[in-house]
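User: I would like to go through this model step by step, with the cut-offs stated as we go. Please begin with how the helices were assigned.

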Amino acid sequence: MESSNVKNKSGGKRKMSSEDTRSYFAWNLEMERVLADVLRDQRNLGNKGDGNWKAVAYSTAAQILSKRFGVHLMADNVKNRFKLWRTWYGIVSDILSQSGFDWDSTKYMITVENEIAWNEYVKSHEEAKRFRFKVIPNWDDIVDLCAKDRATGLGAENALDADDIMSKETNEEEAIHSVSFDLEGSSSATRKNIRPSKSGEKEGMISSMKEVAESLKEFVEVTKKKMENKKKMEIKEAQEVVHEVVSELDNIPNFNGALRHRAIDWLTENLIKFAIIKALPLDEKEDYILSFMP
């Protein structure tokens, strides 16, 4: 049976087959962030048992995500995603426990200091190869939700489970890597679909390169969002400082005109001086400014 891809307004796709009632869902980072928050809430409510989540946790997460992103998400999608996270955690944490490998918290990926050690490691850990350049922006969430399971051995996947889950990940990521390029910005535009191949060394390299490209794209988007948020915070903080300086100078009698304007510029750029001004008695503020302001 042929499978069908169903788009939704969140940008994700569901890949369904009539031979399998379960749908493979293409997740994005924002969805994963929300899922992590929901699971933390469910954990606080006691809806996590010995190594596994209770059914109500999965169904609640599916309902919230479906409503939030306008998609049709099932409990099995959430359950499989968490299993995938747990598999990622198991593989990556084992890599990081070896000498010569580390985690870059700004690039969200493994760093390899010793290529020889890496080559030796992957000889006996074939599943680790795909994580050499894999960007995992939500790694902190994965650690938070999976570390305890790993430490206690509860809910750990065996080798067959891991292979099955990694296979599901491939199916999900096929939908992500089916990139549509809108050349004219309209529904009638020419579109080019790129799908990774599963056979042959050349096809495997192409698939890996596409995975790296997708991970880098996601990393750039996360970094851009962080920078935008940081800029907004800096602007907000600057506005608050200026407002505070102006209010403080308003308390000084007859401190007007060009002198006041110069003082505003000086104090907003010299916050230590401004702190001193605030601490001084009112009748000493003007003398201090005139004494030290250039």
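Analyst: Helices (H or I, at least four residues) and strands (E, at least two) are DSSP runs, numbered from the N terminus. This is a predicted model, in which local features need pLDDT of at least 70 and side-chain atom pairs count only at pLDDT 80 or more, while totals for chains, interfaces and linings use all residues. Residues are numbered from 1 along each chain as its sequence is written, and side-chain values use heavy atoms, with hydrogens and water left out.

User: Is I264 of helix 8 buried or exposed?

Analyst: I264 lies in helix 8, which spans residues 257–269. Buried means under 20% relative accessible area, exposed over 50% and partly exposed in between, with a 1.4 Å probe and protein chains only. Because its relative accessibility is 16%, I264 counts as buried.

User: Which residues does I264 touch, not counting those up to four places away in sequence?

Analyst: Contact here means heavy atoms within 4.5 Å. Leaving aside residues up to four places away in sequence, I264 touches V245, V246 and L249.

User: Which residues of helix 4 are buried, and within what arc do they fall?

Analyst: In helix 4 (residues 115–124), the buried residues are W118, Y121 and V122. The arc is that of the directions from the helix axis to the C-beta atoms. Seen down the axis of helix 4, these buried residues line one face of the helix, because they fall within an arc of 95°.

User: Which exposed residues does the face of helix 4 turned away from its buried side carry?

Analyst: What covers the buried residues of helix 4 includes helix 3 (75–96), strand 4 (101–104) and strand 5 (109–112). The face turned away from that buried side carries the exposed residues I116, K123 and S124.
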